Amino acid sequence: MKIGIVCYPTFGGSGVVATELGLELSKRGHEIHFITYNQPVRLELLSSNVHYHEVTVPEYPLFHYQPYELALSSKLVDMVKLHKIELLHVHYAIPHAYAAYMAQKMLREEEIYVPIVTTLHGTDITLVGNHPYYKPAVTFSINKSDAVTTVSKSLKDDTLRLFTIKNEINVVTNFIDLKKFVPNYTDCQRDMMATEEERIVTHISNFRTVKRIPDVIETFYRIQKEIPAKLMMVGEGPERKPAELLCKKLGIFDKVIFFGNSNQIDRILCFSDLFLLPSKTESFGLSALEAMASGVPVISSNTGGIPEVNKQGYSGYLSAVGDVESMSKNALKILKEDAVLKTFKANAKNQASKFDIHQIVPQYEAIYQKTLEKCLAGK
Ligand code: GMT
């Protein structure tokens, strides 16, 4: 099948999922066209069946805001016609589902019919999408999609609670290519980061308020008071500077390494002992799954879709949002004894294997097939 994938090309989870999905679909014989404003960060290799088409928005002084949706929908029309794309899979409702619907309408005028599958990822529903300024357009584009998926059961429930949805919603969970998280390093150079006695605690995110970065620092602060430890902070975003200041204020700056964005997540996780994800809300928590796939147990909040991923007392522990006391106690339960840590590491890996890419991607293929058949029948 020829599939157009629309996503954000950044380090955010939705872009990562869309890219990994496209790459796996290409291995399964599909022709994939990524259509977005930059080459997706995890898309390192283009090949005869993986293409990237850049959406450019010409600057014009009259525009206070550059009309990205307009440029995207025009690009979609052109690419569908040029490459005979049969289906569009858009990740993140805003503005992708909306732009795809406009493209579908334009193509319809030329008797070309291309169905739209929309995958909702989280903040497009729980944080941004339900703002009164966007809600009518988001509701409309979800209802106009030919198929809708969410990345967790929790996000499906949130979508049905927050919007008036007439469409069926399919849950297709996020997934992981376990092979990519089996370290192929004989030595992941742990000794460059910490001494042998120190435990390595890691957090990876886009450093937005929703991630509750101060809770990461406060939890680590309590951990390092009890045992020797280092904190690896990976990612960029508005909360990074305040986080650095908080580390200085608490006198732990020398125990914290700020990496910025990284394409070497597997290497960083390879030497990590524990992953912290204390988010205020999280539809799934892909970063926690990537940690678990690397054999790193997770201390998280118990919000949104995280309990579908991290299992209490098995792959890690979950606490109420903001309860840094409980998070640090649980972290210490895992980190203090080598034997306990070893068990949690093995459990984390085992739990991650439930989200194996080879089990999940066929679910998307089945949705594409069904959607295409339904749309061709109703044309
Ligand atoms: O919050 C982020 O990390 C970015 C955001 C995105 O849209 O890229 O992530 C959302 O989608 C991910 C992939 O499906 C999920 O794993 C994240 O849980 C979700 N973030 C939130 O719900 C806050």
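Where does lysine 166 lie? In this predicted model, lysine 166 is placed in the loop that runs between α6 (153-162) and β7 (169-171). With a relative accessible area of 75%, lysine 166 is exposed. Lysine 166 also has company of like charge, for Lys105, Arg108, Lys144 and Lys166 gather on the surface in a patch of positive charge.

A second surface patch has another character. Leu127, Val128, Tyr133 and Tyr134 form a nonpolar patch, and together they offer about 430 Å² of accessible area. One of its members, tyrosine 134, lies in the loop between α4 (123-126) and α5 (135-144). Tyrosine 134 counts as partly exposed because its relative accessibility is 40%, between the limits of 20% and 50%.

The backbone offers some points of interest around strand β4. Lysine 84 is found in the loop between α2 (68-83) and β4, and its phi is near 55°, a positive value in a residue other than glycine. Lysine 84 is exposed, at a relative accessible area of 60%. On the way from β4 to α3, tyrosine 92 likewise has a positive phi, near 85°, and is a residue other than glycine. Tyrosine 92 lies in the loop between β4 and α3. Is tyrosine 92 buried or exposed? Its relative accessible area is 13%, so tyrosine 92 falls under the 20% cut-off and is buried. The loop between β4 (87-91) and α3 (96-108) also holds proline 95. Here the peptide bond that joins isoleucine 94 and proline 95 is cis, with omega at about -15°.

Helix α8 is worth a look for the way its residues are arranged. Which residues of helix α8 (residues 240-250) are buried? They are Arg240, Ala243, Glu244, Leu246 and Cys247. These buried residues lie on the same side of α8 because they cover an arc of only 160° around the axis. Lys241, Leu245 and Lys249 are exposed on the other side of α8. The buried set thus includes Arg240 and Glu244, while the exposed set includes Leu245.

Charge pairing can be followed across the fold. Side chains of opposite charge can pair when their charged atoms come close. How many salt bridges does a search of the whole structure find? The search gives 22 salt bridges. In one of the pairs, the side chains of lysine 180 and glutamate 20 meet at 2.6 Å, N to O. This pair links distant parts of the chain: lysine 180 sits in the loop between β7 and β8 (199-204), glutamate 20 sits in helix α1 (residues 13-27), and 160 residues separate them. Lysine 180 counts as partly exposed at 35% relative accessibility, whereas glutamate 20 counts as buried at 10%. The contact is part of a wider arrangement, since Glu20, Arg42, Lys180 and Glu290 are linked in a network of salt bridges.

Lysine 179 takes part in a salt bridge with aspartate 177, and the closest N and O atoms of that pair are 3.8 Å apart. Which of these partners is buried? Aspartate 177 counts as buried, its relative accessibility being 8%, while lysine 179 counts as exposed at 59%.

A further salt bridge is formed by arginine 222 and glutamate 325, with 2.8 Å between the closest N and O atoms. This pair, too, links distant parts of the chain: arginine 222 belongs to helix α7 (residues 213-226) and glutamate 325 to helix α12 (residues 324-335), 103 residues apart. Arginine 222 counts as partly exposed at 22% relative accessibility, and glutamate 325 counts as partly exposed at 40%.

Finally, glutamine 359 can be placed in helix α14 (residues 357-377). Glutamine 359 is exposed because its relative accessible area of 51% is over the 50% cut-off. How many residues apart in sequence are glutamine 359 and phenylalanine 175? The two are 184 residues apart in sequence, yet their C-alpha atoms are 8.4 Å apart in space.

How values were computed. Residues numbered from 1 in each chain as written. Predicted model: local features only at pLDDT ≥ 70, side-chain atom pairs only at ≥ 80, totals over all residues. Heavy atoms only, no water. Helix = DSSP H or I, 4+ residues; strand = E, 2+ residues; numbered from the N terminus. Buried < 20%, exposed > 50% of the residue type's maximum accessible area, 1.4 Å probe, protein only. Patch = residues over 30% accessible without salt bridge, like charges linked within 9 Å, V, L, I, M, F, W, Y side chains within 5 Å. Areas by Shrake-Rupley, 256 points an atom, 1.4 Å probe, with all protein chains shown as cover. Salt bridge = Lys/Arg side-chain N within 4 Å of Asp/Glu carboxyl O. Lys, Arg positive; Asp, Glu negative; His and termini not counted. Charge placed at Lys NZ, Arg CZ, Asp CG, Glu CD. Arc of directions from axis to C-beta.
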